[in-house]
Amino acid sequence: LHCPHRAITLFRNDDPETSKQAAEKCEQFRAKHEALIYDALRNAGDKGATSKELARVVKLTDVQISRRLSGMSKPERKLIETTGEVRMGCRAWGVKA
């Protein structure tokens, strides 16, 4: 299985079946997490939100959110961008205008 947002294959042909099943769930989790994050950022408006602020709203850890923010901001996707603001040591993110 190859997730389109990544340049890697998520399992090898000789991996156990459980690894292949886990890889297939990757896309489901990614899509769900990104939708939650995107909606929360849209609701945050111009001020945006940090990963820690988003964690309180979407009920994911800030580590899970940071991973998704990185993928959502890649040049080929450009769904979100940093606002330029840093709050409590964390970058604020917003929906790409």
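**Chatting through the fold, starting at Thr50**

Biologist: Where is the place of Thr50?

Modeller: Thr50 sits in the loop between H1 and H2. Keep in mind that this is a predicted model.

Biologist: Is Thr50 buried or exposed?

Modeller: Buried. Its relative accessibility is 2%, and anything under 20% counts as buried.

Biologist: What does Thr50 touch, beyond residues up to four places away in sequence?

Modeller: Thr50 touches Arg87, Cys90, Arg91 and Ala92.

Biologist: Let's follow Arg91. Where is it found?

Modeller: Arg91 is in strand E2. Setting aside neighbours within four places in sequence, Arg91 contacts Ala49, Thr50, Ser51, Thr82, Glu85 and Val86.

Biologist: And how far is Arg91 from Pro16?

Modeller: Their C-alpha atoms are separated by 39 Å, and the two residues lie 75 residues apart along the chain.

Biologist: OK, zoom out. How many helices and strands are there in the protein?

Modeller: You get 3 helices and 2 strands. Reading from the N terminus, the order is α-α-α-β-β.

Biologist: What box do the C-alpha atoms fill?

Modeller: Roughly 45 × 25 × 20 Å, taken along the principal axes.

Biologist: How much of the protein counts as buried?

Modeller: 34% of its 97 residues.

Biologist: Now the helices. At what angle do H1 and H2 cross?

Modeller: H1 covers residues 17–44, H2 covers residues 51–58, and their axes cross at roughly 110 degrees. Those axes come within 10 Å.

Biologist: So what do we call that arrangement of H1 and H2?

Modeller: Roughly perpendicular. That label goes to angles from 65 to 115 degrees.

Biologist: Which residues meet there, between H1 and H2?

Modeller: From H1 you have Leu36, Ile37, Ala40 and Leu41, and from H2 you have Leu54, Val57 and Val58. By class, this contact has 7 nonpolar residues, with no polar and no charged ones.

Biologist: What about H1 and H3, what's the angle there?

Modeller: H3 is residues 62–72, and it packs against H1 at about 85 degrees, with the axes 10 Å apart. H1 and H3 are therefore roughly perpendicular too.

Biologist: Which residues of H1 and H3 meet?

Modeller: On the H1 side they are Phe29, Arg30, His33, Glu34, Ile37, Tyr38 and Leu41. On the H3 side they are Gln64, Ile65, Arg68, Leu69 and Met72. Here the classes are mixed, with 7 nonpolar, 2 polar and 3 charged residues.

Biologist: What's in the largest nonpolar core?

Modeller: That core has 14 residues, and the ones with the most contacts inside it are Ile37, Leu41, Leu54, Ile65, Leu69 and Ile80. H1, H2 and H3 each supply at least two residues to it.

Biologist: Which helix gives the most to this core?

Modeller: H1, with 4 residues.

Biologist: Leu41 keeps coming up. What is Leu41 in contact with, leaving aside neighbours within four places in sequence?

Modeller: Leu41 contacts Ala49, Leu54, Leu69, Ile80, Trp93, Gly94 and Val95.

Biologist: Switching to the strands. In which sense do E1 and E2 pair?

Modeller: Antiparallel, over 5 bridges. E1 is residues 80–87 and E2 is residues 90–95.

Biologist: Which residue in E2 does Val86 stand opposite?

Modeller: Arg91, which we talked about earlier.

Biologist: How many residues are between the strands in that hairpin of E1 and E2?

Modeller: There are 2, and in this hairpin Met88 takes a positive phi near 50 degrees.

Biologist: Why point out a positive phi?

Modeller: Because most residues other than glycine have a negative phi. Met88 has a positive one without being a glycine.

Biologist: Is Met88 buried or exposed?

Modeller: Exposed, at 82% relative accessibility. The cut-off for exposed is over 50%.

Biologist: What about Lys59, what's its phi?

Modeller: About 65 degrees, so positive, although Lys59 is not a glycine. Lys59 sits in the loop between H2 and H3.

Biologist: And is Lys59 buried or exposed?

Modeller: Exposed, with a relative accessible area of 69%.

Biologist: Last one. Of the contacts between residues at least 6 apart in sequence, how many join residues at least 24 apart?

Modeller: 43% of them.

Notes: Residues are numbered from 1 along each chain as its sequence is written. This is a predicted model: local features need pLDDT of at least 70, side-chain atom pairs count only at pLDDT 80 or more; totals for chains, interfaces and linings use all residues. Side-chain values use heavy atoms; hydrogens and water are left out. Axes are lines fitted to C-alpha atoms, for helices over the stretch in contact, and angles run from 0 to 180 degrees between N-to-C directions. Angles under 35 degrees count as roughly parallel, over 145 as roughly antiparallel, 65 to 115 as roughly perpendicular and the rest as oblique. Contact means heavy atoms within 4.5 Å. Ala, Val, Leu, Ile, Met, Phe, Trp, Tyr, Cys and Pro count as nonpolar, Asp, Glu, Lys and Arg as charged, and the others, Gly among them, as polar. Two strands pair if DSSP finds at least two bridges between them. Buried means under 20% relative accessible area, exposed over 50%, partly exposed in between (1.4 Å probe, protein chains only). A nonpolar core is a set of buried Ala, Val, Leu, Ile, Met, Phe, Trp, Tyr and Cys residues joined through side-chain atoms within 4.5 Å.
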